[in-house]
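Here are a few exercises to work through with the model open beside you. Try each task before reading its solution.

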Amino acid sequence: MKKRPHVVILGAGASCAAIPNGDKNGKKISAMNGFIEKLGLSELLSKITLSTDSNNLEDIYMELDGRSNREKDCEEVKSELEQKIFKYMTEYEIPDSPTIYDNLILSLTEKDLIATFNWDPLLVQAYCRVMQYTKNLPFLVYLHGNVAVGYCEQDNAIGNIGGRCKCGKLLRPLKLLYPIKKKNYNDNIAIAKSWKELQNNLHRAYMVTIFGYSAPQSDIEAIAKLKSAWGTADKRNLEEIEIIDIREEDEVIESWKDFIHTHHYSYHTDFFTSTLGKFPRRSCEATFDRLMNCRFLDGSKGFTKGMTFDDIVNKIAPLLDEEEEKKLTGEMLSKLY
């Protein structure tokens, strides 16, 4: 159990939590509601008459997509909307001080996986800078594409946009999957590869953390893929689901009830109260010891808000040392802080 993956699934709420005061230049990030207004796209949408009165990008895009085959003006507005979203997202820069994404990445190891639905480059930027502290980091996959990630179809390779594949070709931008009611995740090779990686890890996972992802009913295909990999809740009687979300607990649990076995879940409104925050790099070990070995664990020695990078590195230094010591032997990791 302890050596099985911890899978983290990120939605828009995670990026909002990562830069609550804006990015390096003060630019705020938004969930789907109000996204159109924040992008300043009202003028673009004024070129057509929408049936929906929603300000949710998901609702607006679905209408545009549905009408674009028969209405040229809708097709043009949809294409321009896609271009503006891509450009808008590429402009985000991570703040110089540590964000929750830096903490999150350093709270996991190479046996674990982070799967993100987000287009913004903040997670990738955080990953690049924490690599200076350790290479024992989780694998990242991009379920709806990402503006910071490129792909080489010839070698089936993913890397940072602007970089080159081993064949010498520049990595081409990933296509972003925009909100439509039924997405075909197999149409794009790179995105299909990301989903396969997530499903493989989700099938084997001991813990799953869902951070800021509301499981929208409109994304039928995504939920179906997650359910297929996880299986039925009654078969997951030892595994744990952890949810980090600012919505009310009852609403959140209702969203994920098909994944949760009875009481095998925890709910948090803050990353730092989660297992990842309290027991960085040892989340599965700590959870198994607490629940199965009935050990009382001191969760006050993990990550806390306002830590500098020096604070974070000093905190995880003993854990990194133990990982190096036991890498060759495969012995169980025992340090929890």
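A nonpolar core here is a set of buried Ala, Val, Leu, Ile, Met, Phe, Trp, Tyr and Cys residues joined through side-chain atoms within 4.5 Å. Keep in mind that this is a predicted model.

**Exercise 1. Find the residues with the most contacts inside the largest nonpolar core, then look around Tyr101.**

Solution.
- Start with the core itself: the largest one has 62 residues.
- Next, pick out those with the most contacts inside it: Leu10, Leu81, Ile85, Tyr101, Leu104, Ile114 and Phe271.
- Now zoom in on Tyr101 and skip its neighbours within four places in sequence: its contacts are Leu10, Ala14, Ser15, Ala18, Asn118, Asp120, Leu122, Leu123 and Ala126.
- Then look elsewhere: apart from the largest core lies another, of 30 residues, and Val141, Leu177, Leu226 and Val252 are among them.
- For background, nonpolar side chains in soluble globular proteins tend to be buried together.

**Exercise 2. Work out how compact the protein chain is for its length.**

Solution.
- Count the elements: the chain has 13 helices and 9 strands.
- Compare radii: the radius of gyration is 20 Å, close to the 20 Å that the globule rule gives for 337 residues, so the chain is as compact as a globular protein of that length.
- Check the extents: the C-alpha trace spans about 65 × 45 × 40 Å along its principal axes.
- Look at burial: 53% of the 337 residues are buried.
- Finish with the contacts: among those between residues at least 6 apart in sequence, 70% join residues at least 24 apart.

**Exercise 3. Take the salt bridges of Arg67, Lys87 and Arg236, and sort the partners into buried, partly exposed or exposed.**

Solution.
- The whole structure has 24 salt bridges.
- Arg67 pairs with Glu63, with the closest N and O atoms 2.6 Å apart. Both sit in helix α4 (residues 57-68), about one turn apart, and both are buried.
- Lys87 pairs with Glu91 at 2.8 Å. Lys87 counts as exposed because its relative accessibility is 53%, while Glu91, at 37%, is partly exposed.
- Arg236 meets Glu239 at 3.3 Å, N to O, and both residues are buried.
- For a bigger set, try the network that links Arg281, Arg282, Glu322, Glu323 and Lys326.

**Exercise 4. Which residues join Leu291 in a nonpolar surface patch?**

Solution.
- Locate Leu291 in helix α12 (residues 283-291).
- Check its exposure: at 34% relative accessibility, Leu291 counts as partly exposed.
- Add the partners: Met1, Leu238 and Met292 complete the patch, which has about 290 Å² of accessible area together.

Methods: Residues numbered from 1 in each chain as written. Predicted model: local features only at pLDDT ≥ 70, side-chain atom pairs only at ≥ 80, totals over all residues. Heavy atoms only, no water. Patch = residues over 30% accessible without salt bridge, like charges linked within 9 Å, V, L, I, M, F, W, Y side chains within 5 Å. Areas by Shrake-Rupley, 256 points an atom, 1.4 Å probe, with all protein chains shown as cover. Salt bridge = Lys/Arg side-chain N within 4 Å of Asp/Glu carboxyl O. Helix = DSSP H or I, 4+ residues; strand = E, 2+ residues; numbered from the N terminus. Buried < 20%, exposed > 50% of the residue type's maximum accessible area, 1.4 Å probe, protein only. Contact = heavy atoms within 4.5 Å. Rg over C-alpha atoms; globule rule 2.2 N^0.38 Å.
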